[in-house]
Amino acid sequence: MINTESYIYSTLLDVKGFISPRRYIQGPNILQLLGRFVKIFGSRALAFADEDVTRIVRDVVAKSFYDYGIRYVWEIFRRECSWEEINRLKKIGESENVEMVIGFGGGKALDTAKAVGNLLEVPVVTVPTIASTDAPTSSISVIYTEPYPGEWVEDVFWPRNPDLVFVDTKIIANAGARFLSAGMGDASSKYFEGLATVQANKHNFVYIEYKPKPVEPLKALTIGLELGRITWKRLKTYGRAAFEAAKKSLVTPALEIIVETNILLSGLAFENTGVATAHAVEHGFTYIKRKYGVTPMHGELVAFGTIVELILEGRPMDIILDYMKWAHEVGLPINLNELGFKDIAEEDLWRVAQKASEAYIIKNEPFEVTPEMLFNAIKYADYIGTKFSQIFPREPYG
Ligand SMILES: [Zn+2]
């Protein structure tokens, strides 16, 4: 007997899917309106942020919640998105009978909010205070071990993206240029990774079922790749202007466009197409960060990973140079020295290449990728990135 559902799935080889957050709200100084926007979910909230972020947002949020009748428990986030922390917050949410979970901060706090809200089956609100990744909009939590900074454990795909992504651009502008720059690095890979995935006829991050684990991913709609294309176009058009505005903590139209691009567009682009070598290389480098005592940001490694991907895919030199020129203009590192890996040992580069080649996303390239191909592409990226830096110095973060 034929299992009808899997029969339909296998015959309709190109089932296409699209996901996104339910709402995305952005503007300068909008934090004071948060209570008004979350009221639709209920009147009891679990809110959390680490100590630094708590200092920045808590008074404004307290007043807003008071104004709009939201009762809440405020927890100090312990900085790592680990199962321990997720379960601790989940228990608090259960005992307080909350109707929504609101996370404030960077990727780790927001990944934790997505996990807690999905486990409690209540709406999730993400309030990014930096624009360094697209974690605020995606349905994925990257889980690490305790204590902070932990080691990668797994990527968890939740059935629901955040119900509300709430972005105060004044807070983002105040956070400084390095975060915005890293967010551009994370966003800049999405067009190239999406292109690889679509060319390989592979899947995106939209699944038919999620329980007990995600199964049967779908393929990109034609609009998926268009989202990546606009992401890259906007980064090239407005990236430099936004970077300069962030150095001075100023909200300008260019900064607003780049915040939207880093947080929303980049997230839509990757979840609806897929990621490939750039993120696999990022993943590989995380294994040697501790040894070299360096802390490059996710998006900085992704930017370097993008150069590696372009080389690996045999893209023409003018495309590679065009990318490197753009990366330097927006403050991103383009060689190992700029990333902080000084005098890197060959054996460690092999480890990076090996780990990157084992990442499941590397299979999204339209050809088989070996550790040796990755090793050569990383070495070559570093070589031309170093040469390029001598001619066109990198823009400081200011
Ligand atoms: Zn990323």
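These questions and answers walk through a predicted model.

Me: Which residues are the protein donors of the zinc ion?
Reply: Look at the atoms around the metal. One donor atom is an OD, and NE2 atoms also take part. They lie 2.1 Å from the zinc ion. The protein donors are Asp 186, His 279 and His 298.

Me: What spacing do the donors of the zinc ion follow along the chain?
Reply: Start from the donors Asp 186, His 279 and His 298. Read them in chain order, with the gaps written as x. The spacing is D-x92-H-x18-H.

Me: How many residues apart in sequence are the parts that Asp 186 and His 279 tie together?
Reply: Asp 186 sits in helix α7, residues 177-188. His 279 sits in helix α11, residues 277-286. The pair therefore links parts of the chain whose distance in sequence is 93 residues.

Me: Are Asp 186 and His 279 buried or exposed?
Reply: Buried means under 20% relative accessible area, and exposed means over 50%. Both Asp 186 and His 279 fall in one class, which is buried.

Me: How many of the ten residues of α11 are buried?
Reply: Helix α11 is mostly covered. Among its buried residues are Thr 277, His 279, Glu 282 and Phe 285. The count of buried residues, out of ten, is nine.

Me: Which helix gives the largest share of the largest nonpolar core?
Reply: The largest nonpolar core has 71 residues. Leu 180, Phe 285 and Trp 326 are among those with the most contacts inside it. At least three residues come from each of domain 1 (1-274) and domain 2 (276-387). The largest share, eight residues, comes from residues 298-312, which form helix α13.

Me: How many residues are in the second, separate core?
Reply: This core is separate from the largest one. Its members include Ala 47, Val 53, Met 100 and Leu 164. The size of this second core is 23 residues.

Me: Which element gives the largest share of the lining of the second largest pocket?
Reply: About 550 Å³ of space lies in this pocket. It is lined by 25 residues, and Phe 157 and Tyr 207 are among the closest to its centre. Two or more lining residues come from each of α5 (107-120) and β8 (152-157). The largest share, four residues, comes from β8.

Me: What is the relative accessible area of Val 98?
Reply: Val 98 is in the loop between α4 (83-95) and β5 (100-105). Its contacts beyond four places in sequence include Arg 44, Leu 46 and Leu 120. Buried means under 20%. Val 98 is buried because its relative accessible area is 9%.

Methods:
Residues are numbered from 1 along each chain as its sequence is written. This is a predicted model: local features need pLDDT of at least 70, side-chain atom pairs count only at pLDDT 80 or more; totals for chains, interfaces and linings use all residues. Side-chain values use heavy atoms; hydrogens and water are left out. A nonpolar core is a set of buried Ala, Val, Leu, Ile, Met, Phe, Trp, Tyr and Cys residues joined through side-chain atoms within 4.5 Å. Buried means under 20% relative accessible area, exposed over 50%, partly exposed in between (1.4 Å probe, protein chains only). Domain bounds come from an automatic or database domain assignment. Donors are N, O and S atoms within 2.8 Å of the metal (3.2 Å for Na, K and Ca); water is not among the atoms, so sites may look incomplete. On a 1 Å grid over the protein atoms alone, a cavity is a set of points where a 1.4 Å probe fits but cannot get out, and a pocket is an open set with protein on both sides within 12 Å along at least five of seven lines; lining residues have an atom within 4 Å of a point. Grid points are joined across faces, edges and corners, and a volume is the space filled by probe spheres set on the points. Contact means heavy atoms within 4.5 Å.
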